[in-house]
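Got the viewer open? Switch to a cartoon view, keep the side chains handy, and follow along stop by stop.

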Amino acid sequence: MFENWQTMDINMLVSILNMQLRNLDNDYHQLCSRFEMDESGLKERLNDAGFYYHAQINQWR
């Protein structure tokens with residue numbers, strides 16, 4: 001599902017991440033571990049696009 005997160009449309013990526021966080025994962029770290037994603041690389045890409053993880057609501061905004 002996330003094998004192409006580096007090139008995926010950023011809005012689609014955020015939407016899918018938030019859906020996974022809402023339905024399956026307790027936090028961002030768990031999601032990255034489950035899908036074997038580079039946690040810091042993904043965070044950097046999202047932050048560069050203006051999205052930040054909010055742990056208290058378990059979402060990227």
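**Stop one: the inner face of H1**

Start by selecting Ile-10, Leu-13, Val-14, Ile-16, Leu-17, Asn-18, Gln-20 and Leu-21: these are the buried residues of helix H1. Keep in mind that you're looking at a predicted model. Now add the partners that these buried residues pack against: helix H2, helix H3 (39-48), strand S1 (53-54) and strand S2 (59-60). As for the spacing of your selection, an α-helix has 3.6 residues a turn, so residues three or four places apart point the same way.

While H1 is on screen, put a distance between its end C-alpha atoms. You should get 20 Å, in agreement with the 20 Å that 14 residues should span at 1.5 Å a residue. Then zoom in on the N-terminal end, where Asp-9 acts as a cap. One of its side-chain oxygens sits 3.2 Å from the backbone nitrogen of Asn-11.

**Stop two: where H1 meets H2**

Next, show H1 (residues 10-23) together with H2 (residues 28-35). The two pack at an angle of about 105°, and their axes are 10 Å apart. That angle makes H1 roughly perpendicular to H2. To see the contact itself, pick Leu-17, Gln-20 and Leu-21 on the H1 side, then Tyr-28, Leu-31, Arg-34 and Phe-35 on the H2 side. Color them by type and you'll find five nonpolar, one polar and one charged.

**Stop three: Asp-25 in the loop**

Slide along to the loop between H1 and H2 and click on Asp-25. Is Asp-25 buried or exposed? With a relative accessible area of 4%, Asp-25 counts as buried, because the cut-off for that is under 20%. Look for its side chain's polar contact with the side chain of Arg-34, at 2.9 Å. Leaving out neighbors within four places in sequence, Asp-25 is in contact with Gln-20, Gln-30, Leu-31, Arg-34 and Asn-58.

**Stop four: Trp-60 in strand S2**

Finish on strand S2 by selecting Trp-60. This residue is buried too, at a relative accessible area of 2%. Which residues does Trp-60 touch, not counting those up to four places away in sequence? Among them are Val-14, Leu-17, Asn-18 and Leu-21, and those four also belong to the buried set of H1 from your opening selection. The list also includes Tyr-28, Lys-43, Leu-46 and Phe-51. For a last distance, try Trp-60 to Lys-43, C-alpha to C-alpha: they're 17 residues apart in sequence and 9.8 Å apart in space.

Definitions and conventions
Residues are numbered from 1 along each chain as its sequence is written. This is a predicted model: local features need pLDDT of at least 70, side-chain atom pairs count only at pLDDT 80 or more; totals for chains, interfaces and linings use all residues. Side-chain values use heavy atoms; hydrogens and water are left out. Axes are lines fitted to C-alpha atoms, for helices over the stretch in contact, and angles run from 0 to 180 degrees between N-to-C directions. Angles under 35 degrees count as roughly parallel, over 145 as roughly antiparallel, 65 to 115 as roughly perpendicular and the rest as oblique. Contact means heavy atoms within 4.5 Å. Ala, Val, Leu, Ile, Met, Phe, Trp, Tyr, Cys and Pro count as nonpolar, Asp, Glu, Lys and Arg as charged, and the others, Gly among them, as polar. The expected span of a helix is 1.5 Å times one less than its number of residues. Buried means under 20% relative accessible area, exposed over 50%, partly exposed in between (1.4 Å probe, protein chains only). A polar contact is a pair of N or O atoms within 3.5 Å; within protein, one must be able to donate a hydrogen and the other to accept it, and residues adjacent in sequence count only if both atoms are side-chain atoms.
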